[in-house]
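Me: Got a chain here I'd like to talk through. Can you take a look with me?
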Amino acid sequence: LIVSQRVGAGKVLLLAFDQSWRLRYQVGDTLHHRFWGQIIRWGIGERLQAGGEFVRLGASPQNCAAGDTVRLLARLQNAERADVKTAGATVGIYRGKKLVERVPLSYREDAEGLYEGRWQTPGEGGDFRLLLEGPEVEKLCASMAQPPVEMTLRVRGPVAQLEKGSLNADPAAPRRAAQLSGGAVYEPGANLGECLDFGSPTLRERERREASLWDSWPYLLLVAALATAEWLLRRKGGLP
């Protein structure tokens with residue numbers, strides 16, 4: 001009913017039936033979503049960022065901070081696309097040319113040729129070079145004419161905890177800012193009226209505005225009242 005195979009860097013799944021919609025019968029989307037969700041997760045799989053067609057290396061997560069635990073993943077295959085099982089696969093972690101740590105990888109029987117290891121990043125951040133190592137790895141890369149598989153992992157430095165920051169006033173900071181900008185610093189309670197740096201305490205400005213009478217409601221009402229009074233007077237005097 002179901003056949004799967006890896007082809008190149010991807011996967012192929014054949015469902016020899018078209019009745020998966022029946023999984024929704026009387027139970028809604030519970031089994032139907034679970035079934036297709038597992039297929040999608042299987043198809044996406046682990047994304048290994050570095051390497052070639054047969055030997056690949058990856059790290060998850062790629063965006064990590066100092067002190068985080070990173071999953072190191074690798075996949076080894078021969079020319080027939082068969083998984084290569086070896087107990088000697090490791091990941092050498094280098095900072096520049098200096099070896100920081102060597103993490104062993106374990107073969108996962110349930111993950112189709114996937115090797116996995118865990119590395120806790122050091123307390124300081126920086127760029128680290130991850131190199132897939134091991135005798136079998138070197139032989140496999142040589143037989144496939146593939147260069148050594150390596151990748152760069154950037155680790156963020158420790159982030160300051162704002163909760164532990166001091167909330168006390170720092171009078172030196174505004175003094176430095178005033179010195180650099182040519183300003184002045186006044187302590188709370190200072191008589192700002194005597195501070196000549198702010199200029200005169202009162203400033204008067206004259207602003208001229210122009211308004212059209214035709215756009216005024218009072219003027220419109222006045223014109224309407226005059227027109228009404230003129231009409232009433234003409235009617236009272238018998239004028240047409």
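Reply: Sure. One term up front: buried means under 20% relative accessible area. By that cut-off, 24% of the 240 residues of the protein chain count as buried. Keep in mind that this is a predicted model.

Me: OK, what's the secondary structure of the protein chain?
Reply: Four helices and twelve strands. The radius of gyration is 40 Å, well over the 18 Å that the globule rule gives for 240 residues, so the chain is more spread out than a compact globule.

Me: And what box do the C-alpha atoms fill?
Reply: Roughly 120 × 65 × 40 Å, taken along the principal axes.

Me: How much area does the chain expose, then?
Reply: About 18,100 Å², and carbon and sulfur atoms supply 56% of that.

Me: Let's go inside. Which residues have the most contacts in the largest nonpolar core?
Reply: Leu72, Leu130 and Leu132, in a core of 28 residues. The elements giving two or more residues to this core include strand S4 (55-60), strand S7 (90-95), strand S11 (126-133) and helix H2 (135-143). Strand S6 gives the most, with four residues.

Me: What is leucine 132 in contact with, leaving aside neighbours within four places in sequence?
Reply: Quite a list: Val55, Arg56, Leu57, Ala74, Leu76, Thr90, Val91, Leu105, Val137 and Val149.

Me: And for the whole chain, what share of the contacts between residues at least 6 apart join residues at least 24 apart?
Reply: That comes to 59%.

Me: Switching topic. Where is there a cis peptide bond?
Reply: Between serine 60 and proline 61, with omega at about 0°. Proline 61 is found in the loop between S4 and strand S5 (64-65).

Me: Which residue other than glycine has a positive phi?
Reply: Glutamine 26 is one, with phi near 70°. Glutamine 26 lies in the loop between S2 and H1.

Me: Is glutamine 26 buried or exposed?
Reply: Exposed, because its relative accessible area is 70% and the cut-off for exposed is over 50%.

Me: Back to the surface. Which residues make the nonpolar patch of about 380 Å²?
Reply: Leu1, Ile2, Leu13 and Phe17 make that patch. Phenylalanine 17 is found in the loop between strand S2 (10-15) and helix H1 (30-44).

Me: And what's the relative accessible area of phenylalanine 17?
Reply: It's 30%, so phenylalanine 17 counts as partly exposed. As background, nonpolar side chains tend to be buried together in soluble globular proteins.

Definitions and conventions
Residues numbered from 1 in each chain as written. Predicted model: local features only at pLDDT ≥ 70, side-chain atom pairs only at ≥ 80, totals over all residues. Heavy atoms only, no water. Patch = residues over 30% accessible without salt bridge, like charges linked within 9 Å, V, L, I, M, F, W, Y side chains within 5 Å. Areas by Shrake-Rupley, 256 points an atom, 1.4 Å probe, with all protein chains shown as cover. Salt bridge = Lys/Arg side-chain N within 4 Å of Asp/Glu carboxyl O. Buried < 20%, exposed > 50% of the residue type's maximum accessible area, 1.4 Å probe, protein only. Rg over C-alpha atoms; globule rule 2.2 N^0.38 Å. Contact = heavy atoms within 4.5 Å. Core = buried A, V, L, I, M, F, W, Y, C linked by side-chain atoms within 4.5 Å.
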